[in-house]
Amino acid sequence: MGGLRKLMKRRKETTVTRNILSLPRDMLASILASVASSSVIDLVEAKRTCQGFYEAASDYLVFRRVTLESVYGTSWTANSPEKSSFLKQCEEMGNPDALCNLGMYHFFSYREYELGLNLLKKCVDSGHLYASYALGMILLSNRGSHLEAIETRIRGLKRVPNLRLRNVRKPDSRVHLIS
């Protein structure tokens, strides 16, 4: 009988320790941040499962790492108050995707060049690939004095990640412009 009690006690202890909600909140937030980095939809579904996940999903780390590809789609602006609020929280927490899109929006739509470039530089410093490409292209196309333009283009080339260009069409030598 004593052996059976020990076995039952052991089973009860392992059942309690296997409960994911018994983990510390920061560990739950870290788990949800990993989920958020691959899919915002999975994050939303996890938040719906229980109060513990819902609370942990509001952690700084989750907003910082959430991927926003499915949130933004092709638009840089928010379509609903919920989406706008979510994106604003991501921006405030320093999410690289949100800051990159905000930087592009300020640079191209508002013509606030300095603010847009600073936001893009912040993203590049965090390793954001799209921001590196966008900033490199912006710096390559920058106009200025001859010397400044050369220096700017060199800086732009350093920021552009290595790209493989395939199926690049060579100019047709038979086409002549008529003046």
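**Helix H9**

I began with burial along H9 and found Gly116, Leu117, Leu119, Leu120, Cys123 and Val124 buried. The model I am reading is a predicted one. Viewed down the axis of H9, these buried residues fall within an arc of 160°, so they line one face of the helix. I recalled the general rule that an α-helix has 3.6 residues a turn, so residues three or four places apart point the same way. I then turned to the other side of H9, where Glu114, Lys122 and Asp125 are exposed.

I next checked the length of H9, which runs over residues 113-125. At 1.5 Å a residue, its 13 residues should span 18 Å, and the end C-alpha atoms are indeed 18 Å apart, so expectation and model agree. After H9 I noted Gly127, which has a positive phi, near 95°.

**H9 against H10**

I looked up how H9 packs against helix H10, residues 129-140. The angle between them is about 135°, and their axes lie 8 Å apart. Angles over 145 degrees would count as roughly antiparallel; I therefore recorded H9 and H10 as oblique to each other. The crossing in which H9 passes H10 is left-handed.

**Nonpolar cores**

Which residues touch the most other members of the largest nonpolar core? I listed Leu32, Leu43, Val62, Val66, Leu68, Phe86 and Cys90, out of 19 residues in that core. I then assigned contributions by helix: H2 (25-38), H3 (40-49), H4 (51-56), H5 (60-65) and H7 (81-92) each supply at least two residues. The largest share, five residues, comes from H2. Apart from this core I found another, of 14 residues, which includes Cys100, Cys123, Ala134 and Leu135. Cys123 had already appeared in my entry on the buried residues of H9.

**Glu92**

Is Glu92 buried or exposed? I placed Glu92 in helix H7, and its relative accessibility is 60%. The cut-off for exposed is over 50%, so Glu92 counts as exposed. I also looked up its separation from Arg64: the two residues are 28 apart in sequence and 8.9 Å apart in space, C-alpha to C-alpha.

**The whole chain**

I closed with the overall make-up of the chain. It holds eleven helices and zero strands, and along the sequence the pattern reads α-α-α-α-α-α-α-α-α-α-α. Of its 179 residues, 30% count as buried.

Conventions:
Residues numbered from 1 in each chain as written. Predicted model: local features only at pLDDT ≥ 70, side-chain atom pairs only at ≥ 80, totals over all residues. Heavy atoms only, no water. Core = buried A, V, L, I, M, F, W, Y, C linked by side-chain atoms within 4.5 Å. Buried < 20%, exposed > 50% of the residue type's maximum accessible area, 1.4 Å probe, protein only. Helix = DSSP H or I, 4+ residues; strand = E, 2+ residues; numbered from the N terminus. Expected span 1.5 Å × (residues − 1). Arc of directions from axis to C-beta. Axes fitted to C-alpha atoms, helices over the stretch in contact; angles between N-to-C directions. Parallel < 35°, antiparallel > 145°, perpendicular 65-115°, else oblique. Left-handed = near helix turned anticlockwise from the far one by under 90°.
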